[in-house]
Amino acid sequence: MDETLSNTADMLVVSPPGGQEQRIALPRTVGQVLRIGRESDNDIVVTDPRVSRYHAEVRRGATAIEIRDVGSANGTLVGGIPISDERWHPLAAGVLAYLGDTRLRYEPSTHAATTVGRVPVIAPEPTRPPAATRIPAAALWLLGIGAVVGVVTLGLAVLLWLRPVQPPDGASGVTAAPTAPAAIPSPGQPPTAAVATDAAAGGVSYPVVSVEALSAQPIILGALPDPGRALIVVRIRIENQGTADLTVSPDQFELFDTSGLVLKEIGGTYSAEGLRKLGLADRYQDLRLGPGDSVPESLLFAGKSQPYQLFLRYQPVGLQAVVLDLGTLDAAREVALALGTPLATPAPEATVVAAASPTPPAVVVAPTATRPLNMPASQPVPADSLTGRIAYPVFNGTTYDLYVARADGSERQLLITSASQPQFSPDGNRLAYHSWRNDKRGLVVADVSGANERLVGRNLEDQLPTWSPDGQTIIFLSRRSGQRASELFAASAAGGEPAIIGNGEYPTWGPDGRLAFKGWMSTGVGLRLGNADLTDIQPLTDHDTDTAPAVSPDAARIAFMSRRDGNWNIYVVNRDGSGLIQVTDDPADDGLPAWSPDGRVVAFVSNRGGPWAVWAAVPGSGAERQLFTLEGSPDGFVAGEDLDKSRGWAEERISWTR
């Protein structure tokens, strides 16, 4: 951009995520429009996957620079407010507009007088949390006395509980375990795990809370930060080590300090988009956590920019509170560093003799809870199984994009745009996938790096590729015929004309050379297992919603998704059709199973608790663990395509390799 033009023209500054900032001269003529989106025929082309192909427009209005959304999938925010479709809204100088993760900023010229006046815009701040309350000192002393009385009462209760009790005639002899006291680490200890227990019909809940990160960041209202206030972020993980379900929500948490200050969790006052921009996608509301399950939670609190000695209190339903000592957080320093504000250098301290002063009341520390002796330990998802890479699709509102991540959620990256239905080759070095691009429609085989692309299916109806055990052949589903029949085809991974095999849907090739697939027409209803040429077919299941079969690495079991009980869940069946078990049982949607490389764990996608995420489960044990949150939903219908080509998540796939 010419420097003279930059100084004499009004500019639109475009900042894509992780990309180079662009400065675009705004039109000088009233009514002239700049189109913004991912397609190449836009005036401003951005590669942000969360931006739609045609996302928004900017123009010079009669009195202001204006912006409007043109029906994008993820919407447009101006000053933190979503704007309505097809209506022009003023974009004041310095106010940020968000298109997906891309920021826009109007910058008036510095030399010539602009024809647009600055429109006063007051960016609304998030809904204010309840006012912080301080507990009077007298109340703290009363709480201390109450705690002593509580301990004595608890001791008497334990003695009574230990005394043998004869149930009345006709009553069952079931005895509930006592509630253990809350676990509160001593002040000054680093963040660690704490536990609490309670009796429940049919089992005992036993949550273990561990703190993974504590930080503070500035509160930004529109384009202006407030250096005197701070957002305090606490990232935790909750594991249910008990034998009964546990319900988890962010509003069960609060912060307090030694002065009696209490801060309530305020993440619920932010929009999903606002939380995502703060990096707080891991928020699960009213999530049912079964025995052995674990999930992260990102908690948000509003306070002042000052040092704190913080404690986190977790109040699960029906249980005593769990309290963890978070240690010291200097929110003033972290906010100043984030804003680039110079920190004051403290003056050297003089040596003085302090006068005696009363000792402030200490935080009452309860005894550490212990596991009841009669409660068996839950079986969590084994950590040594959570290795390797997972490829997964995300619908961006118009089409799909293909991502890959380590099983623990690290090293996530957007791999291929306009692509989905991934499957790694048996050696993990190549990837077969469905391409939605107009210049590359059909099935593609490529190196994991994206190099050496090769079309093996040239019809957009060609779907769901799966590799032969030797990596030489691809079998896929297609509805390319005039009757739109569901047929399976085989083609060389090196390219060439595919050959029809027979009727079927959703093929998955096992390591033993047998093909698991969903039956259609001549091959029956439910899941089937047969040779690659569809001979020697045997039934596995008989329900018409059973789909997405995934063969275990030892070829002994097949995982699949089904709506046979009313909503989508994960099931596993033996290769001979015996031993059917239900792996997940949640009111949310669970689907798209994929086995871990060691065959002990099944990964799947789920929207339980709100956000879509990849989860892992151990078949038969009930243990489940959230691995990482997705960038969006795996469910969507590609714009402009009919059901013969795009059928939503029921014909999508995730793939797990070493």
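Arg575 and Asp512 form a salt bridge in this predicted model, with their closest N and O atoms 2.7 Å apart. Arg575 sits in the loop between strand E42 (569-574) and strand E43 (581-582), and Asp512 in the loop between strand E36 (505-509) and strand E37 (515-518), so the pair ties together parts that are 63 residues apart in sequence. Arg575 is partly exposed, at 31% relative accessibility, and Asp512 is partly exposed as well, at 35%.

A search of the whole structure finds 29 salt bridges. Another of them joins the side chains of Arg608 and Asp590, at 2.6 Å from N to O. This pair links distant parts of the chain: Arg608 is in the loop between strand E45 (602-606) and E46, while Asp590 is in strand E44 (residues 590-595), 18 residues away. Arg608 is buried, with a relative accessible area of 3%, and Asp590 is buried with a value of 0%. A salt bridge within a helix is found between Arg276 and Glu273, at 2.4 Å from N to O. These two residues are 3 apart in helix H3, so about one helical turn separates them. Glu273 is buried, at 14% relative accessible area. Elsewhere, Glu461, Arg484, Asp642 and Lys645 are linked in a network of salt bridges.

Arg608 also leads to the aromatic residues, since it lies over the face of Trp615, at 4.9 Å from the ring centre. The structure holds 10 aromatic pairs. In one of them, Tyr284 and Trp615 meet edge-to-face, 6.2 Å centre to centre and with 85 degrees between the planes. Tyr284 belongs to the loop between helix H3 (272-277) and strand E21 (287-289), and Trp615 to strand E46 (residues 613-617), so the pair links parts of the chain 331 residues apart. Both Tyr284 and Trp615 are buried. Ring pairs also join Tyr392, Tyr403 and Phe628 into a cluster.

Tyr392 appears again in the largest nonpolar core, which has 78 residues. Along with Ile232, Val234, Ile236, Leu255, Phe301 and Leu312, Tyr392 is among the members that touch the most others. Beyond its neighbours within four places in sequence, Leu255 is in contact with residues including Ile232, Val234, Phe301 and Leu312. A second, separate core of 22 residues includes Leu34, Val46, Val51 and Val58.

For the protein as a whole, there are 4 helices and 48 strands. Of its 658 residues, 49% count as buried. The accessible surface comes to about 29,600 Å², and 54% of that belongs to carbon and sulfur atoms.

Conventions:
Residues numbered from 1 in each chain as written. Predicted model: local features only at pLDDT ≥ 70, side-chain atom pairs only at ≥ 80, totals over all residues. Heavy atoms only, no water. Core = buried A, V, L, I, M, F, W, Y, C linked by side-chain atoms within 4.5 Å. Buried < 20%, exposed > 50% of the residue type's maximum accessible area, 1.4 Å probe, protein only. Contact = heavy atoms within 4.5 Å. Phe/Tyr/Trp six-rings, centres within 6.5 Å; stacked < 30°, edge-to-face > 60°. Lys NZ or Arg CZ within 6 Å of the ring centre and 35° of its normal. Areas by Shrake-Rupley, 256 points an atom, 1.4 Å probe, with all protein chains shown as cover. Salt bridge = Lys/Arg side-chain N within 4 Å of Asp/Glu carboxyl O.
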